[in-house]
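Work through the following exercises with the sequence and the three-dimensional view side by side. Try each task before reading its solution.

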Amino acid sequence: MSPAEPAAPAPQVRRGAAVSAADLAARLDAAAGPLTPGFGGIVTDTRTGRTVWQHQSTWRRAPASTMKVVTATTALRTFGSRHRFVTPVSRAGTNGDYVYLRGVGDPTMSSWRLDSMARSAAWRLKKAGTTSVRLRVDDTLFPAPTNAPGWEPGDVGRYVTPVRALVRDQSDVSDTSMDAGSYFRSRLEHWGVDVTQLKRAKTHWQAETIAEGTSPQLRDIVGDMLRVSQNDYAESLLWAAGMRAGALRTWSGVTEHSKAMVGGYGVPTDGLTFSDGSGLSRSNRLSARALSVLLLALYEHPSLSQVIFADDAMPISGRTGTLSNRFGSWPATCAVGRVRAKTGSLRDATALAGVAEGTDGVERVFVALSHGPDNTATVRHRIDVLAATATTCT
């Protein structure tokens, strides 16, 4: 039955029915059959860590947006799950009339928060007798933006924005820093402070903080990134983590830091290629086994599992995020609500990686990476069926 046909009723599955390893492996072989040859996959029992089934699991393929699981791990290990990005507004100069808005890599900065910061800054300035300032935008935390290796020419402006340390409302503009600065200028003037100049400059080392804006906790930012597959969040988090760790100010520098972070969880990184944080790069190469090792480590981690696999983070089959419209055709329908997984979708790659809740009470980590000439609804449906099979509901 094609994905376009009406979904058949879900089967009556006997709850708690035991499924032998050999039986499940045979079912998974049958489900994966139509996906070869450009497909690699693996299923692992979370209780024992043993491989239940695998097919070309060490072959390296484009992971598409399942790369965001790597980026989430990198950010959480670098900052901690309760980290908040604090964007400062400061003043300096002989007359205290130089005001600096400094970007710290917060991908969630909003117009509302900038307005609140401008109101607080204006109050402090006017209290000190300053009603006219020169505004400077400091986005020097990140280097001037360049395209990641493997981004295609049409990607920037369509799927991702040039990566800068300051952005407002995830605006899709070429210079997000000056866009935020222009808005901040308008709000300062709204609150009674005249702005005579707006330029880009590094914050003076003696500048005094007069206002600041605080992001949600990193656990919430990561959850949003995973649920809706937010590319710009991923690239900001990759760069912010790299800069916190003192990595080289290059794509290779920040991705090497990312590789080190997941390597700390036992992920075999030799031969893998990390080129960006979102998975948009066609140069990324991961194996299903490497991604499975990472997912199992996250699943077993006492605190990170509560972030990555939370209801408002990793998409849930047929219900949330990028899986809300998946698992709608038979036989995948039996797994609605039973799969928490990160999707991946490029024109030539389809991926799904996460945890399948078995009808037999066993949870299994699974990874499916399909790298071939096309990414079609048929391929996605077949991968959904494979994930459903890992739940033992088919």
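The exercises below go from the whole chain to its sheets, its cores and a few single residues.

The structure is a predicted model, in which local features need pLDDT of at least 70 and side-chain atom pairs count only at pLDDT 80 or more, while totals for chains, interfaces and linings use all residues. Residues are numbered from 1 along each chain as its sequence is written, and side-chain values use heavy atoms, with hydrogens and water left out.

**Exercise 1. The whole chain**

Task: Describe the overall build of the chain, and decide whether its radius of gyration agrees or disagrees with that of a compact globule.

Solution: Begin with the elements, which are DSSP runs numbered from the N terminus, helices being H or I over at least four residues and strands E over at least two; the chain has ten helices and twelve strands. Next, take the extent of the C-alpha trace, which spans about 80 × 40 × 40 Å along its principal axes. The radius of gyration is taken over C-alpha atoms, and the globule rule is 2.2 Å times the number of residues to the power 0.38. For 394 residues this rule gives a value near 21 Å, and the chain has 24 Å, which agrees. Finally, 57% of the 394 residues count as buried, where buried means under 20% relative accessible area, exposed means over 50%, and partly exposed lies in between, with a 1.4 Å probe and protein chains only.

**Exercise 2. The antiparallel sheet**

Task: Find the order of the strands in the antiparallel open sheet, and name its edge strands.

Solution: Two strands pair if DSSP finds at least two bridges between them. Following the pairs gives the order β2-β1-β12-β11-β10, an open sheet of five strands. The edges are β2 (51-55) and β10 (339-346), each of which pairs on one side only. The twist averages 5° from one strand to the next, where axes are lines fitted to C-alpha atoms, for helices over the stretch in contact, and angles run from 0 to 180 degrees between N-to-C directions. To look at one pair in detail, take β1 (residues 39-45), which pairs with β2 in the antiparallel sense over four bridges; the bridge partner of V43 in β2 is W53.

**Exercise 3. The mixed sheet and its helices**

Task: Trace the mixed sheet, and say which strands are touched by helix α4.

Solution: The order here is β7-β6-β5-β4-β8, again an open sheet of five strands. Its edge strands are β7 (194-200) and β8 (208-214), and the twist averages 20° from one strand to the next. Within this sheet β5 and β6 (residues 132-138) run parallel and are joined by five bridges, and R102 has D138 as its bridge partner in β6. Helix α4 (residues 176-190) packs on the sheet and touches β4, β5, β6 and β7, its direction making about 170° with that of β7. Helix α3 (residues 111-127) lies across β4, β5, β6 and β8, running at about 160° to β8.

**Exercise 4. The nonpolar cores**

Task: Locate the largest nonpolar core, and find the element that gives the most to it.

Solution: A nonpolar core is a set of buried Ala, Val, Leu, Ile, Met, Phe, Trp, Tyr and Cys residues joined through side-chain atoms within 4.5 Å. The largest such core has 59 residues, and those with the most contacts inside it are L218, V222, L295 and I308. Elements that give two or more residues to this core include α2 (67-79), α5 (218-228) and α8 (288-300), while α6 gives the most, with eight residues. Another core, of 30 residues, lies apart from it, and among its members are A31 and F366.

**Exercise 5. Single residues**

Task: Say where D97 lies and which residues it touches, and then pick out the backbone features at P331, Q56 and D169.

Solution: D97 lies in the loop between β4 (86-92) and β5 (98-102), and this residue counts as buried because its relative accessible area is 14%. Not counting residues up to four places away in sequence, D97 touches A92, T130, S132, V133 and R134, where contact means heavy atoms within 4.5 Å. D97 and R134 are 37 residues apart in sequence, yet 6.2 Å apart in space, C-alpha to C-alpha.

For the backbone, recall that most residues other than glycine have a negative phi, and most peptide bonds are trans. The peptide bond from W330 to P331 is cis, with omega near 5°, and P331 is found in the loop between α9 and β10. Q56, in the loop between β2 and β3 (60-61), has a positive phi of about 50° although it is not a glycine. D169 also has a positive phi, of about 55°, and its place is in the loop between β6 and α4.
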